[in-house]
Amino acid sequence: MELSSSLIAEYATEIEYDDLPTDVIESVERLVLDSLGCCVGAYTSEPSKILREVYGERSPAPGETGSTVFCDGSTVPVEYAGLINGLLVRYLDYNDCYISGTSVCHPSDHIPPLISVAEAEGKDGRALIEAIVLAYEIQCRGVDTGVVWNNGFDYVTWGLYSTAAAAGKLMGLSQSEIENAIGIAGTSTNGLLSSRLGEVSMWKGVAHPYVCHSAIQACQMVRGGLTGPSSVFEVEGGFFDTVAGKPVHIDGLGGREGECYRITQTNIKPFACGYFMQSPITGVQETINGHGIDPKSITDIEVR
């Protein structure tokens, strides 16, 4: 089926907790725990200190509850809590990984920002689980197409659409409002692959939290009455023309016609490094431990 804002928005409104299989709910619980562990580990990192210094003193607007900054308990506007908490889960490169061909993403990047939105909106755990499953499904199905990574754009570009849909659902936006939020987010913050190539800066860990922050703001503006491009994918100058270079089709969506949910196909990292290094590290450890080798005694390694 051809990708469109209306397809995503329609899917967002139909996901219900009671329809989710047990293995999907268990996957969410497992990934939330893993993500929170990553957040604790990154709290003292330099980017965390910078973002908390820049945004940590901002107060929610009158009448708004705001959201909690993980680990320090301060309350800031929801979009900045999403930014700071999103940085915490991502910065160590220790959170989950979804692999599709040569393309990868880290969909738990969504979890802390969505927790922030759920807190600000007073939503319960069931609503949060719905939003997390939705975010995983949209981003991972997008990554399956290969068009972003292979066209010089970062996987975080898909995070605009997945976060706008999931945050919009938590905020109670209608289907048409979610379409507008997707349009605003999708025309404004497409990430370039340069953020993770060459000499990698701190921004690599902030890139996805930033698009989550932007998508949350898009939902806020739509709720206030602002409209956005409702057909951001297929219109002239839209996603198909400028990012993908062609129309984009997805094979299905979780829960429809027996399709599995992508959240059940993500992987948790045992080591804090790129996912493709997990197997070599495991092999080295098994070789060292299985043969009683003292690593300090190794002078040369021959690979055949």
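**Notebook: starting from Glu 14**

I began at Glu 14, which is partly exposed, with a relative accessible area of 34%. A reminder to myself: this is a predicted model.

**Entry 1: the partner of Glu 14**

I asked which residue forms a salt bridge with Glu 14. I found Arg 256, with the closest N and O atoms 2.9 Å apart. The two sit in distant parts of the chain, 242 residues apart: Glu 14 is in helix H1, and Arg 256 is in the loop between helix H10 (239-244) and helix H11 (278-290). I then noted that the structure holds 13 salt bridges.

**Entry 2: helix H1 and its neighbours**

Since Glu 14 had brought me to H1, I looked up its buried residues. I listed Ser 5, Leu 7, Ile 8, Ala 9, Tyr 11 and Ala 12. They pack against helix H6 (125-145), H7 and H8.

**Entry 3: helix H8**

Next I followed the contact from H1 to H8. Helix H8 covers residues 175-186, which makes 12 residues. From first C-alpha to last I read 16 Å, close to the 16 Å expected at 1.5 Å a residue.

How many of the residues of H8 are buried? I got 9 of the 12, so H8 is largely enclosed by the rest of the structure. I wrote the buried ones down: Ile 178, Glu 179, Asn 180, Ala 181, Ile 182, Gly 183, Ile 184, Ala 185 and Gly 186. Their cover includes helix H1 (5-14), helix H7 (156-170) and helix H9 (203-223).

**Entry 4: a salt bridge beyond H8**

After H8 I looked into the loop that follows. I picked Arg 196, which forms a salt bridge with Asp 154; their closest N and O atoms are 2.8 Å apart. Arg 196 lies in the loop between H8 and H9 and Asp 154 in the loop between H6 and H7, so this pair ties together parts 42 residues apart in sequence.

Are the two partners buried or exposed? I found Arg 196 buried at 13% relative accessible area, and Asp 154 counts as buried at 0%.

**Entry 5: a salt bridge network**

I then saw that salt bridges sharing partners join Arg 90, Asp 93, Asp 109, Lys 204 and Lys 269 into one network. I took one pair from it: Asp 109 forms a salt bridge with Arg 90, and the closest N and O atoms are 4.0 Å apart. Asp 109 lies in the loop between strand S4 (103-105) and helix H5 (111-121), while Arg 90 is in helix H4 (residues 78-90), so the pair ties together parts 19 residues apart in sequence. Both are buried: Asp 109 has a relative accessible area of 0% and Arg 90 has 3%.

I also checked Asp 93, another member of the network. Asp 93 is in the loop between H4 and strand S3 (98-100). At 15% relative accessibility, Asp 93 counts as buried, because the cut-off for buried is under 20%. Its phi is near 55°, a positive value in a residue other than glycine.

**Entry 6: how H4 packs**

Arg 90 made me curious about H4. How do H4 and H5 lie, parallel or antiparallel? I read an angle of about 150°, with the axes 7 Å apart. That makes H4 roughly antiparallel to H5, because angles over 145 degrees count that way. H4 passes H5 in a right-handed crossing. On the H4 side the contact is made by Val 78, Ala 81, Gly 82, Asn 85, Gly 86 and Val 89, and on the H5 side by Pro 112, Pro 113, Ser 116, Val 117 and Ala 120.

I reminded myself that an α-helix has 3.6 residues a turn, so residues three or four places apart point the same way.

I went on to helix H3 (residues 46-55), whose axis comes within 9 Å of that of H4 and crosses at roughly 170°. H3 and H4 are therefore roughly antiparallel to each other. From H3, the contact uses Pro 47, Ser 48, Leu 51, Arg 52 and Tyr 55; from H4, Tyr 80, Leu 83, Ile 84, Leu 87 and Leu 88.

**Entry 7: two single residues**

I looked up Ser 103, which lies in strand S4. Ser 103 counts as buried at 4% relative accessibility. Leaving out residues up to four places away in sequence, Ser 103 touches Tyr 98, Val 143, Gly 146 and Trp 149.

Last came Cys 71, in the loop between strand S1 (67-68) and strand S2 (75-76). Phi of Cys 71 is near 80°, a positive value in a residue other than glycine. Cys 71 is partly exposed, with a relative accessible area of 46%.

Notes. Residues numbered from 1 in each chain as written. Predicted model: local features only at pLDDT ≥ 70, side-chain atom pairs only at ≥ 80, totals over all residues. Heavy atoms only, no water. Helix = DSSP H or I, 4+ residues; strand = E, 2+ residues; numbered from the N terminus. Expected span 1.5 Å × (residues − 1). Buried < 20%, exposed > 50% of the residue type's maximum accessible area, 1.4 Å probe, protein only. Contact = heavy atoms within 4.5 Å. Salt bridge = Lys/Arg side-chain N within 4 Å of Asp/Glu carboxyl O. Axes fitted to C-alpha atoms, helices over the stretch in contact; angles between N-to-C directions. Parallel < 35°, antiparallel > 145°, perpendicular 65-115°, else oblique. Left-handed = near helix turned anticlockwise from the far one by under 90°.
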